[in-house]
Amino acid sequence: MSRRPTDRYHWAWHRAVRRICQRVILKAVIAAEVSVTVEGERNVEGLQAPFIVVGNHSSHLDAATMLSYLPYSLTRDLATATAGDYFYNNKIRSNLVGLFFNSYPVDRGGRKSKNAGLSVSLLRSGVPLCIFPEGTRSRDGVMKSFKPGAAALARALRVPVVPVAIVGAHEAMPVGRNWPKPGRPPVKLLIGKPLRVRAGESLADFNARVENRVRAMYTTQSTTVLIHDEDRTRRRGRHLDAAEDAS
């Protein structure tokens, strides 16, 4: 019987082994090297797959910290997009990232191969995805613009996007280091409320909204300030509508 490329992501034994790799081994290693805190867990209570988790990307700590510290309801079947040209050119390496990160290969630089369309297939089969929309790690720690791929997937398939801001990972383990700096530097994960495409919202606008949510959480180091800002925006919009009706 032929296997589909998405079959592995539904295997119960793989999920069980992966949980040990992520929540026991990987988490223990990270806890020994950095001090991790998580905020905003309530924002994703009751969220059902499929969905897309997105975050800023400046360190090899990013995916490892997310998979071992985010609520298990998010990471249970979460498949992480990884560079096919780097992580899948070696059998041992691909098996390891498959176990620890539940990875799937994506093609960079405009290349197209048998991996094309795998993101869509995984989402359609109920597997949530973890994508870093900057495309690669920031070398200076400054968050770069988001490429529209994750937003396009969410918009086309009508799945929610979970924004996550990762604070401190670049300072703890910047590009060029193979291990975190000594002293257990702090790393914080900030989980925002899921974002859904609005009726008539363009891809560019939705992608900008996702990027702005992550950027604002990263800048303010808060998961709630944006909720307050959006409430004020809605109230201001209602006032404008009332003024227009009265004129």
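Two strands count as paired here if DSSP finds at least two bridges between them. Keep that in mind for this tour of a predicted model.

**Stop 1: strand β1.** Select residues 35-39. This is β1, and its two faces contrast. Val36 and Val38 make up the covered face. Ser35, Thr37 and Glu39 lie on the uncovered one.

**Stop 2: strand β7.** Add residues 186-191 to the selection. β7 runs parallel to β1, and five bridges join the two strands. To find one contact, pick Thr37 on β1: its bridge partner in β7 is Lys188. Thr37 belongs to the uncovered face of β1.

**Stop 3: strand β2.** Now select residues 52-55. Ile52 and Val54 point one way. Val53 and Gly55 point the other way. Are these residues buried or exposed? Both pairs are buried.

**Stop 4: the partners of β2.** Keep β2 on screen and show residues 129-131, strand β5. β2 and β5 pair in the parallel sense, over three bridges. Click Val53, then Cys130, its bridge partner in β5.

Next, show residues 161-167, strand β6. β2 also pairs with β6 in the parallel sense, here over four bridges. Which residue of β6 is the bridge partner of Gly55? Go to Val164.

**Stop 5: helix α2.** Finish with residues 61-69. How many of the nine residues of α2 are buried? The count is nine of nine. Colour them by type and check the list. Among the buried residues are Leu61, Met66 and Leu67. Asp62, Thr65, Ser68 and Tyr69 are buried as well.

Methods. Residues numbered from 1 in each chain as written. Predicted model: local features only at pLDDT ≥ 70, side-chain atom pairs only at ≥ 80, totals over all residues. Heavy atoms only, no water. Buried < 20%, exposed > 50% of the residue type's maximum accessible area, 1.4 Å probe, protein only.
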